[in-house]
Amino acid sequence: MRDLPPFCLQPADTWRRQLAALDAADPQYVTQLVERLLDAGREAGASDLHLHPTPQGLDVRWRIDGVLHQLDVLPARIAPNVVARLKVLAELLTYRTDVPQEGRIRASEPKVEVRVSTFPTLYGEKAVVRLFAEPGRFLTLDSLGFDTAVQAGLRRLSAETSGAILVTGPAGAGKTTTLYACLREIVAQLAGGRSIASLEDPIEVAVAGVAQSQVNLAAGFDLAIGLKFLLRQDPEVIMLGEVRDAATAEVAFQASLTGHLVLSTFHAGSAAGAISRLSDMGIAPYLLRSGVLAILSQRLVRRLCSCSQACENAEGFLGLPVTQARRAVGCAECRGTGYQGRMLLAEMFTAERSELGRAILSRCDAARLESLAVEAGMVTRWQRACQAVEAGLTTPAEVRRVLGFGE
């Protein structure tokens, strides 16, 4: 076991003891191994488990607070069986190892439900397991840690009767968690007085007061087709798991202009960048100008532990325009990492100002749109990151790890 930080050692030790106690000759060996692995991931607070086949064996890693760490390397002889067991639990086709598949493990206890994605690689199938948040966590917008202005904006826009709210960011940035919080906000605001429906791939969390549906690609029930039929169900609020293609985006924005509030996620590097990407996908500028209520771009950075120390010179600022910063040290409380938990960096783009609207209609690039948005009062992800560094909440190194060195 290599590269494992101190805060992972206790659940990792438990995993190794349980693995050593299993009988490799037992017909249920792989079944028990997978069960122990899922339990270990939950105990460690991992958001994802990566099982990557290599010539040496099945490389098992877990992602904790956004960082990937190696847990173990399982023998190559059982690698196909471990992935096959996950596919059985997720109701996937075990005999198809040549195509990507995705499914959800349905269990009686919510705490063990996971999403499984498989992908063919050179040495066999790779599997990535997404561990859902525990039931009851992140119930409302108040629980997510948004800036006061962003939270107030989301709450205000969630009360609108038409338009689209998009949440952007990379995988693992909490986009779906934000959408679920918005849905709960809408349900609470009107006490069930609006028809709310969702179309997801897959359903991650059950939300009371929402008619939730899951796509079924094998049956030809994809997001675009499902959305067209969903519009005939007289919904007032629609949540789409993700806008993935032009066909889905077109229907979603048309719906946002015809008396529906549409919430969805979209992959883009920034809020303004999402407008450019949608335009490049062929979405008409008038749909973007009139249909978009707001685009929220969010990232998660690790929060500093109280054991942090002040940076002694400007070299530790890593080029960020800050006057002071702290660095991670590590102690028993944070188990040697220097960080405890994560915090949100979010920017919200709205097209309410006429100049921004004209820029969208003129198909201006993302840099110009962002510049106009900043002039109109938008606080960018970089500005929030620098504010967090100045306040001693995170480090320049963590900001660069998450946002990069592009700006």
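**Notebook: cysteines, overall build, helix H12 and a few loops**

I began with the cysteines and found 0 disulfides in the structure. I kept in mind that this is a predicted model. A reminder to myself: a disulfide is a covalent bond between the sulfur atoms of two cysteines.

I then checked how two of the cysteines sit. Cys 182 has a relative accessible area of 1%, under the 20% cut-off, so I noted Cys 182 as buried. Cys 364 comes out at 26% relative accessibility and goes down as partly exposed. I met another cysteine later on, Cys 386, which is among the buried residues of H12.

**The whole chain**

Next I looked up the overall build. I have 13 helices and 15 strands in the chain. The radius of gyration is 23 Å, close to the 22 Å from the globule rule for 407 residues, so I wrote the chain down as being as compact as a globular protein of that length. I also noted the spans of the C-alpha trace along its principal axes, about 70 × 60 × 40 Å.

How much of the chain is buried? I found that 49% of the 407 residues are. For the surface, I noted that the chain exposes about 18,500 Å², with carbon and sulfur atoms supplying 50% of that area.

I looked at contacts too, counting those with a separation of 6 or more: 62% of them join residues 24 or more positions apart. For charge, I have 43 positive and 44 negative ones, and their mean positions lie 1 Å apart.

**Helix H12**

I went on to helix H12, residues 381-390. Is this helix largely enclosed or largely open? I counted 7 of its 10 residues as buried, so H12 is largely enclosed by the rest of the structure. The buried ones on my list are Arg 381, Trp 382, Arg 384, Ala 385, Cys 386, Ala 388 and Val 389. I was pleased to see two arginines there, Arg 381 and Arg 384, next to names such as Trp 382 and Val 389.

What covers these buried residues? My list includes three helices, H4 (148-157), H11 (366-375) and H13 (396-403), along with strand E15 (339-349). Just after H12, I marked Gly 392 for its positive phi of about 75°.

**Leu 344 in strand E15**

Since E15 is part of that cover, I picked a residue from this strand, Leu 344. Its relative accessibility is 13%, under the 20% cut-off, so I count Leu 344 as buried. Leaving aside neighbours within four places in sequence, I found Leu 344 in contact with Leu 144, Gly 145 and Phe 146, with Ala 173, and with Gln 298, Arg 299 and Leu 300. I also checked Leu 344 against Leu 287: they are 57 residues apart in sequence and 29 Å apart in space, C-alpha to C-alpha.

**Two positive phi angles outside glycine**

I finished with two loop residues. Asp 234 has a positive phi, near 55°, although it is not a glycine. I located Asp 234 in the loop between helix H6 (223-230) and strand E10 (237-240). With a relative accessible area of 61%, Asp 234 is exposed.

Arg 363 is another non-glycine residue with a positive phi, near 60°. I placed Arg 363 in the loop between helix H10 (354-361) and H11. Is Arg 363 exposed or partly exposed? At 46% relative accessibility, I entered Arg 363 as partly exposed.

Note on methods: Residues numbered from 1 in each chain as written. Predicted model: local features only at pLDDT ≥ 70, side-chain atom pairs only at ≥ 80, totals over all residues. Heavy atoms only, no water. Buried < 20%, exposed > 50% of the residue type's maximum accessible area, 1.4 Å probe, protein only. Helix = DSSP H or I, 4+ residues; strand = E, 2+ residues; numbered from the N terminus. Contact = heavy atoms within 4.5 Å. Disulfide = S-S within 2.5 Å. Rg over C-alpha atoms; globule rule 2.2 N^0.38 Å. Areas by Shrake-Rupley, 256 points an atom, 1.4 Å probe, with all protein chains shown as cover. Lys, Arg positive; Asp, Glu negative; His and termini not counted. Charge placed at Lys NZ, Arg CZ, Asp CG, Glu CD.
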